[in-house]
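Visitor: I am new to this structure and should like to learn how to read it. May we begin with the confidence of the model?

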Amino acid sequence: MLEINSRMARGRMPIMAAGALVLAAGTLAGCGDAGATITRLTVGSPGRDPYTLAANTDQVKVATRPARGGTKDGDAPGLYGGTRRISSCDQRRLVAFLQANPDKARAWAGVQGIPVSDIPRYVSRLTPVLLRTDTLVTNHGYRDGRATSESAVLQAGMGVLVNGYGVPAVKCNCGNPLTAPAGKIKTSNARYSGRKWPGFEKRNVTRIRPRDSRKGTITVFVLVDPGATMGFERPRATTGGDDGPPLPLPATETEPSGGTPSDSPAPVDSGSSGSPAPGDGSPAPGSPEPGISDPGSPAPGSPAPEISQPGVSPGGGPGTGTATGTGTGDDGSGGTGTGGTTGGAGAGTPGDEPQSPVISMAPPGGSAGSSPAF
């Protein structure tokens, strides 16, 4: 009997050891989601599965924020940029588009966690800004009647709408809803697809953390102009017309570049009422966008010319900007994405294969100063 028990024990040992190894391997694989794919989306690129297309929402030659990488607070002064007194998004047209496309509206609202009837109010409370860091998000497109979902890094210079806690909620050049990135994704270990732009580095990809809900929603965003020559204030849920006068640059503009873990300056915008917190078609790096020229940058403080070319606005200095938006801008409420998940587009590592030119649409019958067409 003892001999039989001994043999059984010896027979079980390899099985138990193998099971332990499988468990350990599964635990290691789950750490940091090392197999995740992040899609790079360049300025001017709507990406895959866009809800719609819009012109003049993004800018090239945006001076990136010195303090980037790691996790930044949504209310940090200088985290976002913009052109003073000009909006990068036309929120009214986005709402009108969704109302005219009920299937897309249902998918869009489902991602944001709101009823379809609440879309106008939600969008009107968002604020148009420009990204000043390459920013990690979850990008939700639309295909075959459903919302899609993929991890994406948006290039600095892309226009977004942010909510009352400073978190990107809409990608302006395609109307796609955005939500926070998956918590397990590690930008340093992930596999990247989509074209790599000049200056892209994994260590400089930034996560944005919502403002502490105990402070209430943001009342004023402290923005920096595209050339990083001045700061200015933009009240939440406004589209440029209420921007404040030029201000000195925030103190963060003198910080060294790199992956600091967090920004924690005392924001000038204290809380106010609001809801509680809760493949890529890119041109080759350096190639011009269709219909884009670089007229140069006007002197600091000079009036901002309005750009009418389709696609991306040149940017590069104070006053260079995007077509004026007419909507108001944010609902602090958040939602989790729904729908199927899609994989990354394109080849997976730097040195990706060439991709098609950026798709953009000029407003019908557009003229200088016209708004983007959703």
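Guide: Over residues 4-32, pLDDT (the predictor's confidence in each residue, from 0 to 100) stays under 50. For residues 4-32 the model has five contacts beyond four places in sequence, a contact being heavy atoms within 4.5 Å. Over residues 258-311 pLDDT also stays under 50, with 169 such contacts. Where pLDDT is low, the predicted coordinates should not be read in detail. This is a predicted model, in which local features need pLDDT of at least 70, side-chain atom pairs count only at pLDDT 80 or more, and totals for chains, interfaces and linings use all residues. Residues are numbered from 1 along each chain as its sequence is written, and side-chain values use heavy atoms, with hydrogens and water left out.

Visitor: Which residues of helix α2 are buried?

Guide: An α-helix has 3.6 residues a turn, so residues three or four places apart point the same way. In α2 (residues 91-100), the buried residues are Gln 91, Leu 94, Val 95, Phe 97 and Leu 98; buried means under 20% relative accessible area, exposed over 50%, partly exposed in between (1.4 Å probe, protein chains only). Helices (H or I, at least four residues) and strands (E, at least two) are DSSP runs, numbered from the N terminus. The buried residues fall within an arc of 160° seen down the axis of α2, so they line one face; the arc is that of the directions from the helix axis to the C-beta atoms.

Visitor: Which exposed residues does the face turned away carry?

Guide: That face of α2 carries Arg 92, Gln 99 and Ala 100.
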